[in-house]
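Please open the structure in your viewer and keep the sequence panel visible beside it. The tour below proceeds by selections, each followed by a description of what is found there.

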Amino acid sequence: MMPDSAAADFRLCNNTSSRVGISVGYKENEGWTTEGWWNLSARSCETLLRGVLVARFYYIYAIDYDHGGEWSGQAFMCTREKEFTIKGTTDCLARGFDRTGFFEVDTGEQPSWTVQLTEPSELAPKTPLQSRVPAVQTPAGTGRPGATPAPTAPKSRN
């Protein structure tokens, strides 16, 4: 069996019940680039950038087409409504583009990465939910404040 070369990609999974639009920003040797739009249906994944990642930090902006709202942040980059590839992040408005806030994704210099978009716990505002796994219950006796001790089970049966 051939090794899975597609494993070295930057992917995004839409774990929501809505259709979403995605744009991505990244820095290469030539400078900053933003690209969009990938349209993802509910509960689906898409490869945004193929191959081994060229940077540690990537930036995502996403729109919820069905329920409104967005996943955004404080890293401002250029976008536009229609499909785009834009070089540079300065003077967006003067160059005829929109100025949009992206959220940062730290890949930790891994060769591949997958971002998970999840439903927000509140309807608005939508924020990037990078801690996308449910809260893990810690074992009893860890001394966590407010933790309810689990019932003790017999250590052995005779």
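The stops that follow concern strands, cores, disulfides, salt bridges and some backbone details.

**Before starting**

This is a predicted model, in which local features need pLDDT of at least 70 and side-chain atom pairs count only at pLDDT 80 or more, while totals for chains, interfaces and linings use all residues. Residues are numbered from 1 along each chain as its sequence is written, and side-chain values use heavy atoms, with hydrogens and water left out.

**Stop 1: strand β2 and its partners**

Select residues 20-28, which form strand β2. Strands (E, at least two residues) are DSSP runs, numbered from the N terminus. Seven of the nine residues of β2 are buried, so this strand is largely enclosed by the rest of the structure. Here, buried means under 20% relative accessible area, exposed means over 50%, and partly exposed lies in between (1.4 Å probe, protein chains only).

Now add β3, residues 31-40. β2 and β3 pair in the antiparallel sense over nine bridges; two strands pair if DSSP finds at least two bridges between them. The two strands form a hairpin with two residues between them. To see one facing pair, select Val-24 and Glu-35, which stand opposite each other.

Next, add β5, residues 57-64. β2 and β5 run antiparallel and are joined by seven bridges. Here Ile-22 stands opposite Ala-62 of β5. In a regular strand the side chains alternate between the two faces of the sheet.

**Stop 2: the nonpolar cores**

Select Phe-10, Leu-12, Ile-22, Leu-48, Ile-60 and Leu-117 and show their side chains. Within the largest nonpolar core, which has 20 residues, these touch the most other members. A nonpolar core is a set of buried Ala, Val, Leu, Ile, Met, Phe, Trp, Tyr and Cys residues joined through side-chain atoms within 4.5 Å. The elements that give two or more residues to this core are β1, β2, β3, β4, β5, β9 and β10. β2 gives the most, with four residues.

Another core, of nine residues, lies apart from the largest one; among its members are Tyr-61, Met-77, Cys-78 and Phe-102.

Which residues does Leu-117 touch? Leaving aside residues up to four places away in sequence, the contacts (heavy atoms within 4.5 Å) of Leu-117 include Leu-12, Ile-22, Ala-62, Trp-71 and Phe-103.

**Stop 3: the disulfides**

How many disulfides does a search of the whole structure find? There are two, a disulfide being a pair of cysteine sulfur atoms within 2.5 Å.

Select Cys-13 and Cys-45, whose sulfur atoms are joined at 2.0 Å. Their link is right-handed, with 110° about the S-S bond. Cys-13 lies in strand β1 (residues 9-14) and Cys-45 in strand β4, so the pair ties together parts that are 32 residues apart in sequence. Cys-13 is buried, at 6% relative accessibility, whereas Cys-45 is partly exposed, at 37%.

Then select Cys-78 and Cys-92, whose sulfur atoms are 2.0 Å apart in a disulfide. The torsion about this S-S bond is about -85°, so the disulfide is left-handed. Cys-78 belongs to strand β7 (residues 75-79) and Cys-92 to the loop between β8 (84-87) and β9, 14 residues apart. Both cysteines are buried.

**Stop 4: the salt bridges**

Side chains of opposite charge can pair when their charged atoms come close. The structure holds two salt bridges, each defined by a side-chain nitrogen of Lys or Arg within 4 Å of a carboxyl oxygen of Asp or Glu.

Select Asp-66 and Arg-19, whose side chains meet at 2.8 Å, N to O. Asp-66 lies in the loop between β5 and β6 (70-71) and Arg-19 in the loop between β1 and β2, so the pair ties together parts that are 47 residues apart in sequence.

Move on to Asp-106 and Arg-56, where the closest N and O atoms are 2.7 Å apart. Asp-106 is in strand β9 and Arg-56 in the loop between β4 and β5, so this pair ties together parts 50 residues apart in sequence.

**Stop 5: backbone details**

Finally, select Gly-36 and Trp-37, which are joined by a cis peptide bond with omega about 0°. Trp-37 is found in β3.

Arg-43, in the loop between β3 and β4 (44-50), has a positive phi of about 55° although it is not a glycine. Arg-43 is exposed, with a relative accessible area of 55%.
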